[in-house]
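Work through the exercises below with the coordinates open. Each task is followed by a stepwise solution.

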Amino acid sequence: MEERKVLLIDDNLMDVIAAERSLRQEGYEVVRLASPAGCIAKVDYERPDVLLIDISMARLNVQEFFDSISQNEDHEDLIIVLSSDLDAETLQKICIEHDFH
């Protein structure tokens, strides 16, 4: 069985290390990016099965990111998991605005 690839995009190194360790133990291939700079290109290049992204990173244009991902047919099967230090209500509003379930 082929490993599923997870792309972690988060500027908090401690969170990335903890998530990466757990995912590797479960058999996932993990690729990471510690800055939102170039995140769309990284998704395009790596073609992950799952994207785990901190949407509260400074310098991340959430609207541009979501628009780019949703308009690219290559990413229609991409599973996106949002992480954030935002409260649940704010995070839910963002998901509804961008039609993420």
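A salt bridge here is a side-chain nitrogen of Lys or Arg within 4 Å of a carboxyl oxygen of Asp or Glu. The model is predicted.

**Exercise 1.** Test Arg-47 and Asp-74 for a salt bridge, then place the pair in the chain.

Solution.
- Step 1: The closest N and O atoms of Arg-47 and Asp-74 are 3.7 Å apart. The cut-off is 4 Å, so the pair counts.
- Step 2: Arg-47 sits in the loop between α2 and β3, and Asp-74 in the loop between α3 and β4. The pair therefore ties together parts 27 residues apart in sequence.
- Step 3: Arg-47 is partly exposed, at 46% relative accessibility. Asp-74, at 51%, is exposed.

**Exercise 2.** Which residues are linked with Glu-46 in a network of salt bridges?

Solution.
- Step 1: Glu-46 pairs with Lys-5, with 3.0 Å between the closest N and O atoms. This contact joins helix α2 to strand β1, across 41 residues.
- Step 2: Glu-46 also meets Lys-42, at 3.6 Å from N to O. Both lie in helix α2, 4 residues apart, about one turn.
- Step 3: The network is thus Lys-5, Lys-42 and Glu-46.
- Step 4: Glu-46 is buried, at 14% relative accessible area. Lys-5 is buried too. Lys-42, at 22%, is partly exposed.

**Exercise 3.** Why is Cys-95 not bonded to Cys-39?

Solution.
- Step 1: The sulfur of Cys-95 has its closest cysteine sulfur in Cys-39, 16 Å away.
- Step 2: A disulfide needs the sulfurs within 2.5 Å. The sulfurs are therefore too far apart for a bond.
- Step 3: The structure holds 0 disulfides.
- Step 4: Cys-39 is buried, at 4% relative accessibility.

Technical notes
Residues numbered from 1 in each chain as written. Predicted model: local features only at pLDDT ≥ 70, side-chain atom pairs only at ≥ 80, totals over all residues. Heavy atoms only, no water. Buried < 20%, exposed > 50% of the residue type's maximum accessible area, 1.4 Å probe, protein only. Helix = DSSP H or I, 4+ residues; strand = E, 2+ residues; numbered from the N terminus.
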